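Dear colleague,

Please find below the structure I wished to pass on to you, together with its sequence. My notes on it follow.

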Amino acid sequence: ELKVQPSWRFIFSHPAYFFAFGMGSGLSPRAPGTMGTLAGFPLYWLLTRVFTTSNSFLIMLLWAFGIGVVVCEKTGRTLGESDYGGIVWDEIVAFLLVLFFTPMGGDFSSVLAIFWNVLAFSLFRFFDIIKPPPIRHFDIHWHGGLGVMFDDILAAGYAVLCLAFVKSFLPF
């Protein structure tokens, strides 16, 4: 049983909770991980306007991962459940990584761009939910903020590999 019931009041009571709950997307009563992943799209669009080089964007992602370890740890401890479903900062950061490597990532201006973004989203959610090896191992055995963040980065890696595989067979 949770020590605290997550609510808008809760997430606004501390910046760690606000970020861990994906600026509110993790409060969704249905599929909070999916809602958190969807929140990655507008955030990616915004961040690519601020971090305009590949290096600066990747450095920001490393920073976001490190911050995620801290905010997910604190939020999980407060809730009494280290990987509570509403904690979605891990999905957001991992999906930002996927979008970075997606052809036309974050762009919805053409049918081709929509194809790549829907494929990226679907692959990431698939691997995050199914948790093939070694993702499930880390999900089970690594606890706290690092465990919460790390298994999603692995799911992102699987998604990126699949995107590269698909891209290698397409003529466009």
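**Helix 6 and its surroundings**

Directly after helix 6 comes Lys-131, which has a positive phi, near 55°. Please bear in mind that the model is predicted.

Helix 6 itself comprises 20 residues, for which a rise of 1.5 Å a residue predicts a span of 28 Å; the C-alpha atoms at its ends lie 28 Å apart, in agreement with that figure. Its buried residues include Ala-113, Trp-116, Ala-120, Leu-123 and Phe-127, as well as the charged-group carriers Arg-125 and Asp-128. The partners against which the buried residues of helix 6 pack are helix 3, helix 5 (89-101), helix 7 (135-141) and helix 8 (144-169).

Of these partners, I examined helix 3. The axes of helix 3 (residues 32-50) and helix 6 (residues 111-130) approach within 11 Å and cross at roughly 145°. The crossing is right-handed. Helix 3 contributes Gly-33, Thr-34, Thr-37, Leu-38 and Phe-41 to the contact, while helix 6 contributes Asn-117, Phe-121, Phe-124 and Arg-125. By type, the contact residues are four nonpolar, four polar and one charged.

A further point concerns Gly-24, which sits in the loop between helix 2 (15-20) and helix 3. Is Gly-24 buried or exposed? Its relative accessible area is 10%, below the 20% cut-off, so Gly-24 counts as buried. Leaving aside residues up to four places away in sequence, Gly-24 touches Trp-8, Ile-11 and Phe-18. Gly-24 and Thr-48 are separated by 24 residues in sequence and by 21 Å in space, from C-alpha to C-alpha.

With kind regards

Technical notes. Residues are numbered from 1 along each chain as its sequence is written. This is a predicted model: local features need pLDDT of at least 70, side-chain atom pairs count only at pLDDT 80 or more; totals for chains, interfaces and linings use all residues. Side-chain values use heavy atoms; hydrogens and water are left out. Axes are lines fitted to C-alpha atoms, for helices over the stretch in contact, and angles run from 0 to 180 degrees between N-to-C directions. Helices (H or I, at least four residues) and strands (E, at least two) are DSSP runs, numbered from the N terminus. A crossing is left-handed if the near helix is turned anticlockwise from the far one by less than a right angle, and right-handed if clockwise. Contact means heavy atoms within 4.5 Å. Buried means under 20% relative accessible area, exposed over 50%, partly exposed in between (1.4 Å probe, protein chains only). The expected span of a helix is 1.5 Å times one less than its number of residues.
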